[in-house]
Amino acid sequence: MILAERSAPTRAPAAVLLIRLMVGAVFLSEGIQKFLFPAALGVGRFTTIGIPAPQLMAPFVGAVETIFGLLLIVGFVTRLAAIPLLIDILVAIATTKVPMLAKSGFWAMAHEARTDYCMLLGLTFLLVVGGGRWSFDARRVTRRARLTRLFYRTTWRFWRGLIHSIPSA
């Protein structure tokens, strides 16, 4: 079984769509903004916070956020798409919020980290439950299940017919 098929949802409710839209839209928007405003949110920001090779990493992170954010929105390979975004948000917290905690204290950090914290929890939720009923993941699994049932039904009928056609001794 392919990893993407294993990562498909099982019984997640349709309301998961709301979480996918929220988390995916934030990452899609932030990824696009890294290209639109490179001095403030892209290379310039990465240089300021001390990310190594900012000229390489800022466009890379922007592409990751854009592509995987879009995958979350449509619900395609949702669990797999959540993994690179989890890494992204953990690095963001470690490089921006942890230093803020040390410099400005808990409440200043808590105020600035509210979106990061929500994204972290939303991604963890999507990693656990998958894309939900209204996703491409669910459609892919449903179609594959139908084809599998059809294959087994057809195979069973063939063998049953073959066995019954053999004369008894």
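## A tour from two salt bridges to a pocket

Start by selecting Lys-97 and Asp-116, whose side chains meet in a salt bridge with an N to O distance of 3.0 Å; the term stands for a side-chain nitrogen of Lys or Arg within 4 Å of a carboxyl oxygen of Asp or Glu. Lys-97 lies in helix H6 and Asp-116 in helix H8, so the pair ties together parts that are 19 residues apart in sequence. Helices here are DSSP runs of H or I with at least four residues, strands are runs of E with at least two, and both are numbered from the N terminus. Lys-97 is buried, with a relative accessible area of 12%, and Asp-116 is buried as well, at 12%. Buried means under 20% relative accessible area, exposed means over 50%, and partly exposed lies in between, with a 1.4 Å probe and protein chains only.

This is a predicted model, in which local features need pLDDT of at least 70 and side-chain atom pairs count only at pLDDT 80 or more, while totals for chains, interfaces and linings use all residues. Residues are numbered from 1 along each chain as its sequence is written, and side-chain values use heavy atoms, with hydrogens and water left out.

**The whole chain**

Zoom out to the full chain, where the secondary structure comes to 9 helices and 0 strands. Buried residues make up 30% of the 169 residues. Among contacts (heavy atoms within 4.5 Å) between residues at least 6 apart in sequence, 75% join residues at least 24 apart.

**The other salt bridge**

A search of the whole structure finds 2 salt bridges, and to see the one not yet visited, select Lys-34 and Glu-65, whose side chains meet at 3.0 Å, N to O. This pair links distant parts of the chain, with Lys-34 in helix H2 and Glu-65 in helix H5, 31 residues apart. Lys-34 counts as buried at 12% relative accessibility, and Glu-65 counts as buried at 5%. If you display the surroundings of Lys-34, leaving aside its neighbours within four places in sequence, you will find contacts with Leu-41, Gly-42, Phe-46, Ala-58, Val-61, Gly-62 and Glu-65.

**The largest pocket**

Keep Lys-34 and Glu-65 selected and add Asp-88, Ile-89 and Ala-92: of the 28 residues that line the largest pocket, these five are the closest to its centre. The pocket has a volume of about 790 Å³. On a 1 Å grid over the protein atoms alone, a pocket is an open set of points where a 1.4 Å probe fits, with protein on both sides within 12 Å along at least five of seven lines, and lining residues have an atom within 4 Å of a point. Grid points are joined across faces, edges and corners, and the volume is the space filled by probe spheres set on the points.

The elements that give two or more residues to the lining are H2, helix H4 (43–49), H5, H6 and H8, and the largest share, 10 residues, comes from H6. Colour the lining by class and it divides into 17 nonpolar, 3 polar and 8 charged residues, where Ala, Val, Leu, Ile, Met, Phe, Trp, Tyr, Cys and Pro count as nonpolar, Asp, Glu, Lys and Arg as charged, and the others, Gly among them, as polar.

Within this lining, centre on Asp-88, which is found in helix H6 and is buried, with a relative accessible area of 13%. Not counting residues up to four places away in sequence, Asp-88 touches Phe-27, Val-61 and Glu-65. The C-alpha atoms of Asp-88 and Val-61, 27 residues apart along the chain, are separated by 7.5 Å.

**The nonpolar core**

Next, select Val-23, Phe-27, Leu-72, Leu-85, Ile-89 and Leu-123, which have the most contacts inside the largest nonpolar core, a set of 15 residues. Such a core consists of buried Ala, Val, Leu, Ile, Met, Phe, Trp, Tyr and Cys residues joined through side-chain atoms within 4.5 Å. The elements that give it two or more residues are H2 (16–36), H5 (54–74), H6 (78–104) and H8 (114–129), and H6 gives the most, with 5 residues. Centre on Leu-85, which touches Phe-27, Val-64, Glu-65, Phe-68, Gly-69, Leu-72 and Leu-123, not counting residues up to four places away in sequence.

**Two loop residues**

Finally, turn to the backbone. Most residues other than glycine have a negative phi. Ala-53, in the loop between H4 and H5, has a positive phi near 50° and is partly exposed, with a relative accessible area of 42%. Val-77, found in the loop between H5 and H6, has a positive phi near 45° and counts as buried at 14% relative accessibility.
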